[in-house]
Amino acid sequence: MSVISFTSAANLGLSELRGKHLHYSKFWNSGSKTSAAKKIKLSSRTGMLIAYNPAFLASVASFLLYPQENIRILLLCSALTIHFFKRIFEVLFVHNYSGGMSLDSVLPISLSYFLSTATMTYAQYLTQGFPEPSVDLKYLGCLLFLIGISGNFYHHYLLSKIRSKGDKDYKIPKGGLFGLVICPHYLFEIVGFVGISLISQTLYAFSFTIGSALYLIGRSCATRRWYLSKFDYFPKNVKALIPFVL
């Protein structure tokens, strides 16, 4: 599962760089008009709820399925539950959607989140009874997780405010770290995933985090390329994901 999680996410990142996008957000109707017409389309809100709810339910169920015999598994299950609860909360009350999602993108995203959550909690359960890592990183992981989830929420909030209600046009986001990178919400999402992997300290958690980071790097680079093509006045010094670097 570690190999599958890493390779599948990394491959999606390469696909984003090559222009083959998952169909949501700015790229919800990318591709040829003929192929787009054949796709089953959902509203963004419905699609995102389908994407996040199974993983949220899996994280909640982990409290019941696995005895919380040590603090590490309790922290991991709590972090995953908070993460997906936040996602669902944002879908319902924060995000201001302008496009849609195709079902053939919603289903693999939903399945990926669900399997990753279920596998991560199960892998953590299997470590119970084994010696703790010689270097304990779970509390550092908690700190990074809180930084990541807070920064991600803040920049999602800023994105939700750049358009008035009913406005479908994209605008260049401002505030926070948007003056330095076009996808600071992805940057903080990676920080949050790093925090989760440090809480867990299992091979699967680290492979999931690295794979997810590679996907988000590809997606953020594709997003920056999209902004450069759409806005002639887009500032060239604004990077994709990492300030002054990438």
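A cavity here is a set of grid points where a 1.4 Å probe fits but cannot get out, and its lining residues have an atom within 4 Å of a point. With that in hand, let's work through a few exercises on this predicted model.

**Exercise 1. Describe the largest cavity: its volume, its lining residues and the helices that supply them.**

Solution.
- Start with the volume: the largest cavity holds about 70 Å³ of space.
- Next, list the lining: His-83, Lys-86, Arg-87, Phe-145, Gly-148, Ile-149, Asn-152, Phe-188, Glu-189, Gly-192 and Phe-193.
- Now map these onto helices: α4, α6 (138-160) and α7 each supply at least two residues of the lining.
- Finally, sort by chemistry: four are nonpolar, four polar and three charged.

**Exercise 2. Which residue forms a salt bridge with Glu-16, and where do the two partners sit?**

Solution.
- Place Glu-16 first: this residue is found in helix α1 (residues 2-17).
- Check its accessibility: Glu-16 counts as buried because its relative accessibility is 1%, and the cut-off for buried is under 20%.
- Look through its contacts beyond four places in sequence, which include His-21, Tyr-215, Arg-219 and Arg-225.
- Pick out the partner: Glu-16 forms a salt bridge with Arg-219, with the closest N and O atoms 3.0 Å apart.
- Locate that partner: Arg-219 lies in helix α8, 203 residues from Glu-16, and both residues are buried.

**Exercise 3. Trace the salt-bridge network around Asp-136.**

Solution.
- Begin with Arg-72, which forms a salt bridge with Asp-136 at 3.0 Å between the closest N and O atoms.
- Ask what this pair connects: Arg-72 lies in helix α4 and Asp-136 in the loop between α5 and α6, so the pair ties together parts that are 64 residues apart in sequence.
- Compare their surroundings: Arg-72 is buried, with a relative accessible area of 3%, whereas Asp-136 is partly exposed at 39%.
- Add Lys-138, whose side chain meets that of Asp-136 in a salt bridge (2.5 Å, N to O); Lys-138 is buried, at 6% relative accessibility.
- Close the network: Arg-72, Glu-132, Asp-136 and Lys-138 are linked by salt bridges.

**Exercise 4. Which residues touch the most other members of the largest nonpolar core?**

Solution.
- Of its 30 residues, Tyr-24, Tyr-52, Ile-109, Tyr-227, Phe-231 and Phe-234 touch the most other members.
- Then find the contributing elements: α3 (44-65), α4 (71-93), α5 (103-126), α7 (184-200) and α8 (203-230) each give two or more residues.
- Last, turn to the second, separate core: its 15 residues include Leu-75, Leu-76, Ile-149 and Ile-199.

Notes. Residues numbered from 1 in each chain as written. Predicted model: local features only at pLDDT ≥ 70, side-chain atom pairs only at ≥ 80, totals over all residues. Heavy atoms only, no water. Helix = DSSP H or I, 4+ residues; strand = E, 2+ residues; numbered from the N terminus. Buried < 20%, exposed > 50% of the residue type's maximum accessible area, 1.4 Å probe, protein only. Contact = heavy atoms within 4.5 Å. Core = buried A, V, L, I, M, F, W, Y, C linked by side-chain atoms within 4.5 Å. 1 Å grid on protein atoms, 1.4 Å probe; cavity = no way out; pocket = protein on both sides within 12 Å on 5 of 7 lines; lining within 4 Å. Points joined across faces, edges and corners; volume = space filled by probe spheres on them. Nonpolar A, V, L, I, M, F, W, Y, C, P; charged D, E, K, R; others polar. Salt bridge = Lys/Arg side-chain N within 4 Å of Asp/Glu carboxyl O.
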